[in-house]
Amino acid sequence: MSYLPLVGLPADTYESHGFQYHSIGDKYVRAVAEVALCSPVMIPSMIDALQLDDLLEHFDGIVMTGAVSNVHPPHYGEQPTVAHEPYDHGRDATTLKLIEKVLKKGLPLFCICRGFQELNVVLGGTLETELQQVEGRLDHRAPDHDDVDVRYAPSHAINIRPGGLLEQILGKRETMVNSIHRQGIKRLAKGLQVEATAPDGIIEAVSVRDAKSFAMGTQWHPEFRALNNPDSVKLFTAFGNAVRGYAAARGKTLRTVA
Ligand SMILES: N[C@@H](CCC(=O)NCCCC(=O)O)C(=O)O
């Protein structure tokens, strides 16, 4: 029987009317389905009920999504302050363990925005908060606007490292990206390699050194209207190809989607 590779996406958690919910934004699952051409599957962020090792046996790739919440600072050795809020402890507990296991196992991994920050934290790096208040930094937040096409419009350039993985994928040394974050990488984890930076020096893309498969992160949101953005198409296609390679190596007969 032919098989469409499965990509897991851990959920955000939130509470409403006394009940706990798990959710993922449509733009992430749509980019996985429509551009990477894989089947997206939500992983609920309920670490106490998940057997992560068993669960990962069923997946061929993982996407870490962005989120409004921030990683709880004690995970990277800092004191929480009001400026670091809001948090999502349920998500932290799941994603930080999951990323570690995914890298060990060698599943393709694509980390976006909060996911990119989580990748840095898991590998021993730290985060800076309220970038827009730091002298010399750009304001990396989205404009305050109701229209998502305004909020997620390209807003600054990035410089892409010559000879790096991102240059190989995008085929260029500079591009424009959207920007929807207040936090950024402060200390880069030793296991990460910078792939791109913003004009103010903020790290915008990383890859995992000596990774067993595709393992990259972007601070921007390539999943936004991914099919309409040539850079996003290249990134999700490269991820999808790595996912198909991983599935094929596990003996799966792959189904192709037109
Ligand atoms: N909270 C962090 C990460 C920012 C982020 O992931 N934003 C995404 C917003 C919602 C979405 O588009 O999924 C920070 O502010 O740095």
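This passage walks through a predicted model, starting from the nonpolar core and ending at the ligand.

The largest nonpolar core of the model contains 64 residues. Within this core, the residues with the most contacts are Val-7, Ala-36, Ile-62, Val-63, Leu-109 and Phe-239. Helix α7, spanning residues 230–249, supplies the largest share of the core, with eight residues.

Helix α7 is a good place to begin a closer look. It is made of 20 residues, and the distance from its first C-alpha to its last is 28 Å, close to the 28 Å expected at 1.5 Å a residue. Its buried residues are Asp-231, Ser-232, Leu-235, Phe-236, Ala-238, Phe-239, Gly-240, Ala-242, Val-243, Arg-244, Tyr-246 and Ala-247. The list thus includes Phe-239, one of the residues with the most contacts inside the core. Strands β1 (6–10), β5 (61–64), β6 (109–112) and β9 (174–177) pack against the buried residues of α7, as do helices α1 (26–34) and α6 (165–170). Just after the helix comes Gly-251, with a positive phi of about 85°.

Val-7 offers a view of the core from another side. Apart from neighbours within four places in sequence, Val-7 is in contact with Val-32, Ala-36, Cys-38, Ser-39, Pro-40, Val-41, Phe-59, Asp-60, Gly-61, Ile-62, Val-63 and Val-243. Among these partners, Val-243 is a buried residue of α7, while Ala-36, Ile-62 and Val-63 are, like Val-7, listed with the most contacts inside the core.

Asp-60, another partner of Val-7, is found in the loop between α2 (52–56) and β5. Asp-60 counts as buried because 28 C-beta neighbours lie inside 10 Å. Leaving out residues up to four places away in sequence, Asp-60 touches Pro-5, Leu-6, Val-7, Leu-107, Val-243, Tyr-246 and Ala-247. Of these, Val-243, Tyr-246 and Ala-247 are buried residues of α7. Asp-60 and Leu-109 are separated by 49 residues in sequence, yet their C-alpha atoms are 9.4 Å apart in space.

Helix α4, residues 114–122, is mostly covered, with nine of its nine residues buried. These are Arg-114, Gly-115, Phe-116, Gln-117, Glu-118, Leu-119, Asn-120, Val-121 and Val-122. Gly-124 follows α4 and has a positive phi, near 105°.

Several loops carry backbone features that are worth finding in the structure. In the loop between β2 (12–16) and β3 (19–23) sits His-17, a residue other than glycine with a positive phi, near 50°. His-17 counts as exposed because it has 5 C-beta neighbours inside 10 Å. Leu-37, also a residue other than glycine, has a positive phi near 60° and is placed in the loop between α1 and β4 (39–43). Leu-37 counts as buried, since 20 C-beta neighbours lie inside 10 Å. A further feature is the cis peptide bond between Glu-85 and Pro-86, with omega about 5°. Pro-86 belongs to the loop between β5 and α3 (89–105).

The ligand completes the picture. Around the ligand there are 14 residues, of which Gly-66, Cys-113, Arg-114, His-181 and Gln-183 come nearest. Arg-114 is also one of the buried residues of α4. Sorted by class, the shell around the ligand comprises four nonpolar, eight polar and two charged residues.

Definitions and conventions
Residues are numbered from 1 along each chain as its sequence is written. This is a predicted model: local features need pLDDT of at least 70, side-chain atom pairs count only at pLDDT 80 or more; totals for chains, interfaces and linings use all residues. A residue is near a molecule or strand if its C-beta atom, placed from the backbone, lies within 6 Å of it. Ala, Val, Leu, Ile, Met, Phe, Trp, Tyr, Cys and Pro count as nonpolar, Asp, Glu, Lys and Arg as charged, and the others, Gly among them, as polar. A nonpolar core is a set of buried Ala, Val, Leu, Ile, Met, Phe, Trp, Tyr and Cys residues joined through C-beta atoms within 7 Å. A residue is buried if 20 or more other C-beta atoms lie within 10 Å of its own, exposed if 12 or fewer, and partly exposed in between; C-beta atoms are placed from the backbone. Helices (H or I, at least four residues) and strands (E, at least two) are DSSP runs, numbered from the N terminus. Two residues are in contact if their C-beta atoms, placed from the backbone, lie within 7 Å. The expected span of a helix is 1.5 Å times one less than its number of residues.
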